[in-house]
Amino acid sequence: MPGDDASYLLCAEDAGGAFFADVAASTCTTATDDDWCSRAEDEESAAASFVAELIGGEADYSPRSDYPDRLRSRCIDPTARADSVAWILKVQEYYGFLPLTAYLAVNYMDRFLSLHRLPEDGWAMQLLAVTCLSLAAKMEETLVPSLLDLQIESTRYIFEPRTILRMELLVLTALNWRLRSVTPFTFIDFFACKVDPRGKNTRYLIGRATQMILAAMHDIEFLDHCPSSMAAAAVLCATGETPSFALVNPRLAVNWCIGLAEEGVRSCYKLMQQLVSGNRAVTAAAVAVNLCSDEVLSSNSSSCTTPPPPKRRKRSPPPVT
């Protein structure tokens, strides 16, 4: 029988993932703006090595490589995906969930869709979105709504809790129970400290980069880019909006950490610039609101001229192939 040491309770898959949130903490503190990034050099080196290790394994938490092309060719319905992303962000704003919770939900959904084909009658995609958000909330939130209360914001169907729980098991099996994903939020604190080592504008950079990452989830073109490149591109764009910083470009950004690819950061940076400037047509109007306000997502981000159809309870859906 183990003693006071509770480490035996940790899942082996999360042995390294349990420290994702500590990457920036090893180089930054939150006591004051002046000492935001005042850690010793040896700790910073250790953090950089750990970030490089995460970059090396981030592909394990991404959809299959052919997934973006299947969305573009409409083998997988991109409109249904866009609607699910928009709904997840609405619920995230409604309940005040962390931005990471919304990103994880979309990540789980994309990874599942890259492995399994869903029925095309609408209910299955909604069930998947609810399930993935439920799993993400359980991973990151301290207060999680009931499965019935989670189904808000113009859902067409209302699923019974037992149906969602069965779908959760299916998603967990498909993802091999790997839910502690590497995401852009794994890196943005560390990258922001690299840009602003004195910490005077680090909070702004992190907040602005977070807005950009959430907005980018609507656009399937960003699925071609790994989380570290998205994080670097978002921090670069946020830096470009801050006049007090010297010019930082993708060539300099690759020096932030071993493993960053200049071409990957550069192409993602161009996409991010287009998204911020409004030159990319994205299906959800929420993106524009997301990038122009202090809110992660405004409740006015989507408009509907017709009332939603009546909700229908879905009891026992057929199995997903």
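Which residue just after α6 takes a positive phi? In this predicted model, the residue in question is N176, for which phi is about 60°. The helix that precedes N176, α6, covers residues 161–174, and its length can be checked against its residue count: at 1.5 Å a residue, its 14 residues should span 20 Å, and because the C-alpha atoms at its ends are 20 Å apart, the expected and computed values agree. The buried residues of α6 are T163, I164, M167, E168, V171 and L172, a list that includes a glutamate, E168.

E168 also takes part in a contact with a residue of another helix, for S134 has its place in α5, which comprises residues 123–140. The side chains of S134 and E168 are joined by a polar contact of 2.6 Å. S134 has a relative accessible area of 2% and is therefore buried, the cut-off being under 20%, and E168 likewise appears among the buried residues of α6. When residues up to four places away in sequence are not counted, S134 touches L147 and L150 in addition to E168.

A further position, N249, lies in the loop between α9 (227–240) and α10 (250–253). With a relative accessibility of 28%, N249 counts as partly exposed, because this class lies between the limits of 20% for buried and 50% for exposed residues. N249 and E262 are separated by 13 residues in sequence, while the distance between their C-alpha atoms is 9.7 Å.

How values were computed: Residues numbered from 1 in each chain as written. Predicted model: local features only at pLDDT ≥ 70, side-chain atom pairs only at ≥ 80, totals over all residues. Heavy atoms only, no water. Helix = DSSP H or I, 4+ residues; strand = E, 2+ residues; numbered from the N terminus. Buried < 20%, exposed > 50% of the residue type's maximum accessible area, 1.4 Å probe, protein only. Polar contact = N/O pair within 3.5 Å; in protein donor to acceptor, adjacent residues only side chain to side chain. Contact = heavy atoms within 4.5 Å. Expected span 1.5 Å × (residues − 1).
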